[in-house]
Amino acid sequence: MGQEGKNIVLEGFAKQFGDTEGVRVFFAPGRVNLIGEHTDYNGGHVFPCALDIGTYAAVRKREDRLLRFCSVNIPKAGITEVAIDDLDKARTGQWADYPKGVVWAFEGRGFKLDQGFDMAIYGDIPNGAGLSSSAALEVVTGFALRALYGFDVTNQDLAFIGQYSENNYNGMNCGIMDQFASAMGKKDHAIFLDTNTMKFEYAPIVLDGMKLLITNTNKKHSLVDSEYNARREQCARALKDLQTRVKVGSLGELSIEEFEAAKDAITDPVCVRRARHAVYENQRTIEAVKALADGNVERFGELMNQSHVSLRDDYETSCPEADILAEEAWKIPGVVGSRITGGGFGGCTVSIVKDEAVDTFVETIGPIYKEKVGYEASFYRLGIGDGPVEL
Ligand code: GLA
């Protein structure tokens with residue numbers, strides 16, 4: 001995050017919209033989730049952190065009621081144009097639906113735009129990597145709207161508005177984790193969030209003699225949204241069945257013992273496995289954060305590995321490519337933990353690796369992955385950054 005990204009997005013703005021007179025530049029980060037996967041829409045806990053990569057927006061108000069968008073990353077797409085009053089019927093399935101959806105969501109809450117704007121976007125998050133490029137785009141749009149139009153909203157509101165627009169404008173029934181991590185990020189800290197109560201704490205990520213590594217499968221995935229939405233429905237069905245037996249409002253409220261005692265109320269065996277993941281993953285997340293606070297990084301790593309196994313076998317949101325990355329990582333001495341992160345079906349793994357094993361990690365897994373999968377994985381050493389800023 002910084003000057004380089006700002007320059008790139010300003011250049012992109014000038015190319016499409018003429019000049020940069022009076023343009024303001026904003027940034028919102030992507031995120032990586034350390035543990036607590038597919039728990040956020042089940043009333044469970046998550047433990048993500050904001051990254052030091054993300055999405056930049058260069059924005060300037062217009063005199064009329066038009067909104068114009070362009071992306072430095074997709075120059076061929078040119079300018080997308082829509083009138084504020086036409087937003088409701090302006091979905092195209094293209095990238096600009098994300099910022100459009102955020103404006104639409106603001107308007108829906110009574111935050112009316114008196115004038116339109118021109119907006120150029122540039123992102124340094126690899127696309128489709130499961131590092132929340134869409135949440136960063138939503139949050140940076142909301143952050144820019146607040147600054148330009150003086151809307152009275154908090155950073156938490158920006159997260160809710162982003163999620164609302166993604167659910168209702170883009171048709172992806174995501175939980176709150178990604179937008180929350182982007183809007184509320186804190187340098188060198190992860191966010192321990194209870195999605196049932198929305199209570200949260202910042203936990204320092206101090207990895208003495210270790211690194212956080214992110215490895216991208218580079219898998220081009222499709223059907224992510226539909227598979228994701230299907231998981232949500234399966235969890236909802238499991239909960240409904242469980243409610244015939246126990247008084248419970250979400251899967252996140254169940255202890256492992258309570259779940260095991262009541263699980264035969266769930267009629268569909270697939271839904272049993274989905275719910276088992278949600279319940280166990282939530283308890284793992286609570287335990288993992290405690291282990292980290294106690295300085296027990298080894299235990300944190302074991303729980304990361306268990307999280308991967310559960311996502312692979314019970315939740316079935318991993319994929320062969322991410323399984324290779326995680327399973328090869330587990331074989332390397334000095335790898336504390338490794339798991340698929342984010343929505344799944346591709347994307348990245350996140351690993352905690354001792355300093356002395358970092359080179360071995362890359363040098364061992366790189367060639368094995370290439371041989372087994374046929375194309376390369378990418379390895380990133382990213383920092384944990386702050387939430388949105390004006391640059
Ligand atoms: C996606 C969603 C999040 C969360 C994760 C899985 O990233 O946007 O809300 O459900 O998947 O943990």
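Helices here are DSSP runs of H or I with at least four residues, and strands are runs of E with at least two, both numbered from the N terminus. One case is helix 6, residues 224–242, which contains E233. Before going on, the ground rules. This is a predicted model, in which local features need pLDDT of at least 70 and side-chain atom pairs count only at pLDDT 80 or more, while totals for chains, interfaces and linings use all residues. Residues are numbered from 1 along each chain as its sequence is written, and side-chain values use heavy atoms, with hydrogens and water left out.

Back to E233. I call a residue buried under 20% relative accessible area, exposed over 50%, and partly exposed in between, with a 1.4 Å probe and protein chains only. E233 has a relative accessible area of 52%, so it is exposed. Its C-alpha atom is 34 Å from that of A144, and the two residues are 89 apart along the chain.

Next, the ligand. Which residues surround the ligand? They are R31, E37, H38, D40, Y41, C174, G175, M177, D178, Y228, G342 and G343; to be near, a residue needs one of its heavy atoms within 4 Å. This shell divides into 4 nonpolar, 4 polar and 4 charged residues. In that count Ala, Val, Leu, Ile, Met, Phe, Trp, Tyr, Cys and Pro are nonpolar, Asp, Glu, Lys and Arg are charged, and the others, Gly among them, are polar.

For polar contacts I take pairs of N or O atoms within 3.5 Å; within protein, one must be able to donate a hydrogen and the other to accept it, and residues adjacent in sequence count only if both atoms are side-chain atoms. The side chain of D40 has an N or O atom 2.6 Å from a ligand oxygen. From H38 a backbone N or O atom comes to 2.7 Å of a ligand oxygen. For G343, again with a backbone N or O atom, the distance to a ligand oxygen is 3.4 Å. Taken alone, the ligand exposes 300 Å², and the protein buries 96% of that; areas are Shrake-Rupley with a 1.4 Å probe, and for residues only the protein chains shown count as cover.

Now the sheets. Strands of a sheet pair through backbone hydrogen bonds, either parallel or antiparallel. Two strands pair here if DSSP finds at least two bridges between them.

There is an open sheet of 6 strands, in the order 5-4-6-3-1-13, with mixed pairing. Its edges are strand 5 (80–83) and strand 13 (389–390), each of which pairs on one side only. Strand 4, residues 66–71, runs parallel to strand 6, residues 117–123, with 5 bridges between them. Within that pair, R68 has D118 as its bridge partner. Strand 3, residues 48–61, is mostly covered, with 12 of its 14 residues buried. Strand 3 is antiparallel to strand 6 through 7 bridges, one of the pairs being A57 with I121. Strand 1, residues 24–33, is also joined to strand 3, antiparallel, by 9 bridges, and V32 has C49 as bridge partner there.

An open sheet of 3 strands has the order 2-7-8 and antiparallel pairing. Strand 2 and strand 8 are its edges, each pairing on one side only. What about strand 7, residues 189–194: how many of its residues are buried? 6 of the 6 are, so strand 7 is largely enclosed by the rest of the structure. H189, I191 and L193 cover one side, and A190, F192 and D194 the other; all are buried.

Strand 7 pairs with strand 2, residues 45–46, over 2 bridges, and H45 is matched with D194. With strand 8, residues 199–204, strand 7 has 6 bridges, and I191 stands opposite Y202. The hairpin of strand 7 and strand 8 has 4 residues between the strands, and M198 takes a positive phi near 65° there.

One more note on H189: it counts as buried because its relative accessibility is 19%. Its side chain reaches the backbone oxygen of K187 at 2.7 Å.

Last, the cysteines. With a disulfide taken as two cysteine sulfur atoms within 2.5 Å, the count is 0. Why does C235 have no bond to C271? The C271 sulfur is the closest cysteine sulfur to that of C235, but it is 7.9 Å away, too far for a bond. C235 counts as buried because its relative accessibility is 1%. C70 is likewise buried, at 2%.
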